[in-house]
Amino acid sequence: MSQTSDAPKSFQEIILRLQTYWAAKGCAILQPYDMEVGAGTFHPATTLRSLGTQAWAAAYVQPSRRPTDGRYGENPNRLQHYYQYQVLIKPSPPDLQELYLGSLAAIGIDMGLHDIRFVEDDWESPTLGAWGLGWEVWCDGMEVSQFTYFQQVGGHDCHPVSGELTYGLERLAMYVLGVDHVMDMPFNDPSPRRGADGKEVSPIALSYGDVFKQTEEEYARWNFDTADTDVLLRQFNEAEAHCREILEAPQDDPKTGKRIIMVHPAYDQCIKASHMFNLLDARGVISVTERQAYIGRVRALAKLCADAFVQTEAGGWQPDSAA
Amino acid sequence: MPDLLIELFSEEIPARMQRRAADDLKKFVTDGMVEAGLTYAWAGAFSTPRRLTLTVEGVLAASPATVEERKGPRADAPKTAIEGFLRGAGLTRDQLEERETPKGAVLFARIEKAGRPAAEIIGEVLEKTIRSFPWPKSMRWGAGSLRWVRPLHSILCILSDEAGTEVVPLEVDGITAGDTTAGHRFMAPDRFSVVNFEDYTAKLKRAYVVLDPEERAEAIWHDATNMAFASGLEVVEDKGLLAEVAGLVEWPVVLMGRIADDFLELPPEVLQTSMKEHQKFFSVRNPKTGRIERFITVANRETADNGATILAGNEKVLSARLADAKFFWENDLRVARAGMEPWLEQLKHVTFHAKLGTQAERIDRIAALARELAPVVGADADQAERAARLAKADLSSEMVYEFPELQGLMGRYYIEASGEGAAIAAAAEEHYSPLGPSDEVPTAPVSVVVALADKIDTLTGFWAIDEKPTGSKDPFALRRAALGVIRLVLENDIRLSLQNKYQRSGKLRPFFAAFVKHVSDHLDQVAAQNRENVSSFLADLQAGHQVSDPQISALVDSMKSTTLMPEWRAVVASATIDLLSFLHDRLKVYLRDQGIRHDIIDACIAMEGNDDLTLLVKRARALSDVLKTEDGENLIQGFKRANNILTQAQEADGVEYSYGADPKFAETKEERALFEALDQAEAQIAPAMEKQDFATAMAALAALRAPIDAFFEAVKINADNATVRRNRLNLLSRITTLCTSVADLTRIEG
């Protein structure tokens, strides 16, 4: 990347600029979901909110975990823990492509010098029973985002259709900042600032490696070699059973007398089962044939949650439509 | 006459769908127009990533008026019948004409339909086309319900002639047709209006859009080859990639980049595959060294820095990709040099097919079969077995995991690195071949053996579990495997009886051997519900069903040992026969393409030794050649005549006239001549057939044509004298016997 005066100087600045940009475009800026997920799509603000008829516009950073991608922090761009930036707008606006391109300009990509391409890439999540059509977006041959029009989630047709944007933040930031190894990337701005007395003050410059090198090592070792597979397996089974139990509870809460369908608590268990599966997979204890079966079990939970969500008000259910 | 211009402007259409979509747009719109009476002179369709365009020249301004005459009921028919007719015709009683016919007075309606203006018809046709467009995958967007490949943004639809331009009134789900379009997404995004196709293409070009995909592809290829040539290099041709890249850009700008020195030692195929699959780059080769040293990428825009930033970005992305590939290559080489054991071990955990076991089990079967096949093909048995054991080891390698299309090829590199011989390394690459009718067939004996064993195992395996291709469904590519066996055998001139049916004892029986292995493997997994019900168990087994009872072993042992053996063998036998007939069907398709008629093949399949494909085809070719001669063609007529007369006489008399024709009862010189000719032909044909010299045998047969014709000309078969008649019928039998000893000529048509 050629550096201009407008160029961002750190990883966090890129995130902040995206937040500011999408806030200005009318999105609610949400916070990350407080559970381990494999991708930003798992955040209920995407999975569940893409269902039903209610309009929605949200953007957020989501820490994502892919245990099998751990490389002890040594690979220049593979991490078991990384950040995704996620935007979901329902119904998808007609100018979503232009809005997206505006976000690239906002983080310092000069449209006059770069070659931006929308290359066919249909998205599918077998664990969520979801798929959509769209593209991966290329900037000078590098994939910088995934752009999807959701067609189905949890086995439900999406009506209206949500437009989803996913940015792989580390990769995008490395490109914008001109960094070759993720661990070398400045997390905050390393350039000196003026103190109150007018003198230059050197900041406490932190690189991505300062923040994450050690955790990548720790998790890589744990993910690959030491995670207790019996515990993981038990937790998978418990989460699966618990998810079903929660959804089987009667809709009417005896204490408040209100109709309360506990979709989000149930969905938390679905997320947990999915993460346990990813961990088991990284430990290499799931065979090829079993793999499909596990994915099918998580998908069944996602589908039950989707079925339940459309029965709630956030999912478009209305009291008078109950009959 | 006006010209029509249509443009459907959308978000980016997948490159692979563009060409077909342009053709479909042309077909559906012009078909719809013609159906409504709106003919035209010429139509052409184009596509870019964001638009499908159709131009139709010389369209009728309106469809012609039509008159239809409809015959109704009789004038005195019941009122309800007449009313029904009036409703259908949309007329009143006084508009009908009464005509006298032989059946009395009948009512006739004259229905006149006025012509309709072109715009009205086109509006309807285009809306219908948009709503029912056959995209391979389509989607909805926003809150609407219209489906298109990606969101559809605007419709341009105009009719233009000397007098001016008219927008065709049309609205589809809130999109109103107009006369405007937009230029390049980044270089000229503003909308502009156009008056006709010429104006449209010219304005698009000024707005940095080349409409015609062929023109874009030509420009890319032209610039790429020139650029490479200027550096003393050449672009590796790839038509598929060229078409794809032309579908990714509206304004192609060709850029040539460098591959960092670190990666030049990678196998060229790895460089090429990585660059093509991930980056859609063309490879640029140094013709002197054969090495790939640069790449060509095609950007979608011009920039102030002449593409420097774009190229730098692409080079960086490529370096990251190739760093991955290099990492895989180096890791794999370490495993390869240490003998590849971990890879083979890993294949024990990879399922090939739920009912056919793991890859490792499959490799065991192929290795055993390769050992048996080796002598037939002229390969060393130990080498063939070793090659079969290693041929699929690369499936566990990191490189093949990343690039599945490099399977086999990486196997060759890794086996070479392991220090095994070149023949074994080559077998890894070549044993998947041939992959289709035009793919090259391996000729190196070890490769041929492993390729054959691989395909025979696949075919017999899926036959044993009853997973045969049906209709258009062939998920395991068994037709391709069968064609592979056929081409391997024929093009290497291999003499091999594939199944046991006509096999003398002591010889190799690969189908049978492979089946026995599959079926006995299967028995170990399968169980019988009922020990007494053996035949139902065998039916299940044959159908590939798995029944659950672990106590099967005892039953299997008892079956194998004694009385049940014949039934078990029957399962195998019926599957082998079925598979052979499948192979014969594929052979017919294969030979038909080479100009050999199916009835000729049938005539040869009916003969003994039909599981030896080389023999079968040799016979078919000889027969086909002789049937192309005049003698051959007429001989068939003579043979059929002889056969018909003989069959009728045998049916009438209830006797078989099969031997005993004696020249002493011959009355005419033509009859005696035929005796002599048959003696001569038999004397030639028998030894020729012994040597499987079908050409000589067929030629000797064809030489019978003249004496047979002369015989029929001069002699009445059903002579009054019973002895003479019987003798003549026996003589006919000699003709048919001799003819059918070469091929079953009764199956020849015509």
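**Exercise 1. Is Tyr208(A) buried or exposed, and how do its ring and that of Phe212(A) pair?**

Step 1. Tyr208(A) has a relative accessible area of 0%, so the residue is buried. Buried means under 20% relative accessible area, exposed over 50%, and partly exposed in between (1.4 Å probe, protein chains only).

Step 2. Turn to the partner. Phe212(A) has 11% relative accessibility and counts as buried.

Step 3. Place both in the chain. Tyr208(A) and Phe212(A) lie four residues apart in helix α5 (residues 208-226) of chain A, so about one helical turn separates them. Helices (H or I, at least four residues) and strands (E, at least two) are DSSP runs, numbered from the N terminus.

Step 4. Check the rings. Their centres are 5.0 Å apart and their planes stand at 45 degrees, so the pair of Tyr208(A) and Phe212(A) is tilted. Rings of Phe, Tyr and Trp (its six-membered ring) pair if their centres lie within 6.5 Å; planes under 30 degrees apart count as stacked, over 60 as edge-to-face and the rest as tilted.

A note on the model: it is predicted, local features need pLDDT of at least 70, side-chain atom pairs count only at pLDDT 80 or more, and totals for chains, interfaces and linings use all residues. Residues are numbered from 1 along each chain as its sequence is written, chains are lettered from A and ligands numbered from 1 in the order in which they are written, and side-chain values use heavy atoms, with hydrogens and water left out.

**Exercise 2. How many aromatic pairs does the structure hold over all chains? Classify the pair of Phe11(A) and Tyr83(A).**

Step 1. The total over all chains is 37 aromatic pairs.

Step 2. For Phe11(A) and Tyr83(A), the ring centres are 6.2 Å apart and the planes are at 40 degrees, so this pair is tilted.

Step 3. Locate the partners. Phe11(A) is in helix α1 (residues 11-24) and Tyr83(A) is in strand β3 (residues 81-90), both of chain A. They are 72 residues apart, and the pair links distant parts of the chain.

Step 4. Check accessibility. Phe11(A) is buried at 1%. Tyr83(A) is buried at 16%.

**Exercise 3. Which residues form one aromatic cluster with Trp135(A)?**

Solution. Tyr85(A), Tyr100(A), Phe118(A), Phe147(A), Tyr149(A) and Tyr167(A) join Trp135(A) in one cluster.

**Exercise 4. Over which ring does the charged end of Arg191(B) sit? Then treat Arg412(B).**

Step 1. The charged end of Arg191(B) sits over the ring of Phe9(B), 5.8 Å from its centre. The test: NZ of Lys or CZ of Arg is within 6 Å of the ring centre and within 35 degrees of the ring normal.

Step 2. Arg412(B) lies over the face of Tyr413(B), 5.0 Å from the ring centre.

**Exercise 5. Find the backbone features at Pro91(A), Pro160(A) and Asp140(A).**

Step 1. Lys90(A) and Pro91(A) are joined by a cis peptide bond, with omega about -5 degrees. Pro91(A) is in the loop between β3 and α3 (96-106) of chain A.

Step 2. The bond from His159(A) to Pro160(A) is also cis, with omega near 0 degrees.

Step 3. Asp140(A) is not a glycine, yet its phi is positive, about 50 degrees. Asp140(A) is buried at 0% relative accessibility.

**Exercise 6. How many disulfides are found over all chains?**

Step 1. The search finds zero. A disulfide is a pair of cysteine sulfur atoms within 2.5 Å.

Step 2. The cysteine sulfur closest to that of Cys305(A) is in Cys243(A), at 4.0 Å, too far for a bond.
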